[in-house]
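Okay, thanks for squeezing me in. I've got one picture to show, so let me put it up and we'll talk through a small piece of it.

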Amino acid sequence: MAESTTHQRPLMGWDKPELDLSNAQWQSSSRGPGDVQIAFVEGFIAMRNSGSPQSPSLIFTPAEWGAFVSGAREGEFDLT
C-alpha cells in the first residue's frame, strides 16, 4: 500500500490529497465486462478501469464509497 502523497496543487473544491497510486495493491471486482479494480490508499478508496489502468482513477472517501456502493446495489448506476 502506498504511504506517500504527492505535493501537487489540488483542483478547486477538491478536498482530497493527490494520492501516489504507483505502489497501490489493486483488487479486481470480477472477471466480467466492465471490470474495475479498487485499492485502499491512505484512508481513501481508489477505483480504476482494469482494461485501461493508465487512465485516471476515481478517489472516494469512505462515506462517498458507501454511498456509491449503496446506489449501485439499488440499480442507480450501470457499472457495465
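So, here's what I'd like to start with: which side chain does the side chain of R48 join in a polar contact? It's Q37, and the polar contact is 2.7 Å. Keep in mind that this is a predicted model.

Now, where are we? R48 sits in strand β3, which covers residues 44-49. Q37 is right across from R48, and the two strands here, β2 (residues 36-41) and β3, run antiparallel with 6 bridges pairing them. They make a hairpin, with 2 residues between the strands. If you look at the turn, E42 has a positive phi, about 50°.

On to the next strand. β3 also pairs with β4, residues 58-60, again antiparallel, over 3 bridges. One of the pairs to look for there is I45 with F60 as its bridge partner in β4.

How many of the 6 residues of β3 are buried? It's 5, so the strand is largely enclosed by the rest of the structure.

Back to R48, then, for the charge question. R48 is buried, but there's no salt bridge. The nearest side chain of opposite charge is D35, and that's 9.3 Å away; a salt bridge would need the nitrogen and the carboxyl oxygen within 4 Å.

What does R48 touch, leaving aside residues up to four places away in sequence? You get W26, V36, Q37, P53 and S57. So Q37 comes up again: it's on that contact list, and its side chain makes the polar contact we started with.

Technical notes: Residues numbered from 1 in each chain as written. Predicted model: local features only at pLDDT ≥ 70, side-chain atom pairs only at ≥ 80, totals over all residues. Heavy atoms only, no water. Buried < 20%, exposed > 50% of the residue type's maximum accessible area, 1.4 Å probe, protein only. Helix = DSSP H or I, 4+ residues; strand = E, 2+ residues; numbered from the N terminus. Pairing = 2+ DSSP bridges. Lys, Arg positive; Asp, Glu negative; His and termini not counted. Polar contact = N/O pair within 3.5 Å; in protein donor to acceptor, adjacent residues only side chain to side chain. Contact = heavy atoms within 4.5 Å.
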